[in-house]
Amino acid sequence: MAQVLAEILLEPGRSIDETTVAYLDQLAGLTVDAVQNSEFQIISQASNSLFLSIQALSKKSHTQLVQSAASHSSLCQALPNLARRASDLNQRVPWLDEESELFSTELNKSKECKENSIITDRKRALRLLRNSERLVDVMEIPPLLLTAINSSSVNHSSFIDLYAHVQQLASLHASSPLIASIKHEADAAVRQMAADLIATLKVANLKLATGLRTML
């Protein structure tokens, strides 16, 4: 019945969707009086309800729709640019693969002969970074020696321990300019402490053994 009504009511050759078929089936089940009197009112009410729903939706979402349309308008330029860059990347990947393979080969060759100077410098810098705290501790030895000498109560035991540590460093790292400089400062501190001790022992009021005073 719906097919017959469609052929009568619709234009020839027009395709019929499922919604139209369902409505025509419903229409075929109505009486002539219902079609003439109430169907138009029902359709009008449904149309008005849909119009109000669309109007409410537009008031609620028109800002988002406008913003979305504005942002999507840039896709006309962005998508071709993306396609062009993707094509460039696709062409450059084989070249990059060849260059990385060449670099790996040259690096392996340089390792067989001698280490690359850049890698050597990096290793030296990393080693220096790891030993930075030790270097700072070593460089603080001369000030500690001077502090031990110049304090009101000279701590000879601490001074001797520090100087012994300097002597050990000098024997282990004889070629190091830094250790040599620290050794030189430590020797100067030892001479200063010895001079201070001799001056203290020569004080007239200090009671010493006769033989020891004669030696001084």
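Colleague: Is tyrosine 163 buried or exposed, and how would I tell?

Modeller: Relative accessibility is the value to read here, and the cut-off for buried is under 20%. Tyrosine 163 comes out at 18%, so the residue counts as buried. Keep in mind that this is a predicted model.

Colleague: Where along the chain should I look for tyrosine 163?

Modeller: Go to helix 9, which covers residues 156-172; tyrosine 163 is found there.

Colleague: Which residues does tyrosine 163 touch, leaving out those up to four places away in sequence?

Modeller: The list is Leu145, Lys183, Ala186, Asp187 and Val190. Take Lys183 as an example: tyrosine 163 and lysine 183 are 20 residues apart in sequence, while their C-alpha atoms are 8.6 Å apart in space.

Colleague: Two of those names carry charges. How should I read a salt bridge?

Modeller: The general idea is friendly enough: side chains of opposite charge can pair when their charged atoms come close. In this structure, the side chains of lysine 183 and aspartate 187 form a salt bridge, with 2.9 Å from N to O.

Colleague: How many salt bridges are counted?

Modeller: The count is one.

Colleague: Why are lysine 183 and aspartate 187 separated by about one helical turn?

Modeller: Both sit in helix 10, residues 177-201, and they are separated by about one turn because they are four residues apart in that helix.

Colleague: Are lysine 183 and aspartate 187 buried or exposed?

Modeller: Lysine 183 is buried, and aspartate 187 is buried too.

Colleague: Let's go to the surface. Which residues form a nonpolar patch there?

Modeller: Look for Leu75, Leu79 and Leu82, which together have about 290 Å² of accessible area. Leucine 75 belongs to helix 5, residues 75-113. Its relative accessibility is 39%, so leucine 75 counts as partly exposed.

Colleague: And which residues gather in a patch of negative charge?

Modeller: That surface patch brings together Asp97, Glu98, Glu99, Glu101 and Glu106. Try glutamate 101, which is also found in helix 5. The cut-off for exposed is over 50%, and glutamate 101 has a relative accessible area of 52%, so this residue is exposed.

Colleague: Now the whole chain. How many helices and strands does it have?

Modeller: There are eleven helices and zero strands. Reading from the N terminus, you meet α-α-α-α-α-α-α-α-α-α-α.

Colleague: What share of the 216 residues counts as buried?

Modeller: For this chain, 12% of the residues count as buried. The accessible surface comes to about 17,600 Å², and 60% of that belongs to carbon and sulfur atoms.

Colleague: How do I read contacts along the sequence?

Modeller: Start with contacts between residues at least 6 apart in sequence; among these, 37% join residues at least 24 apart.

Key. Residues numbered from 1 in each chain as written. Predicted model: local features only at pLDDT ≥ 70, side-chain atom pairs only at ≥ 80, totals over all residues. Heavy atoms only, no water. Patch = residues over 30% accessible without salt bridge, like charges linked within 9 Å, V, L, I, M, F, W, Y side chains within 5 Å. Areas by Shrake-Rupley, 256 points an atom, 1.4 Å probe, with all protein chains shown as cover. Salt bridge = Lys/Arg side-chain N within 4 Å of Asp/Glu carboxyl O. Helix = DSSP H or I, 4+ residues; strand = E, 2+ residues; numbered from the N terminus. Buried < 20%, exposed > 50% of the residue type's maximum accessible area, 1.4 Å probe, protein only. Lys, Arg positive; Asp, Glu negative; His and termini not counted. Charge placed at Lys NZ, Arg CZ, Asp CG, Glu CD. Contact = heavy atoms within 4.5 Å.
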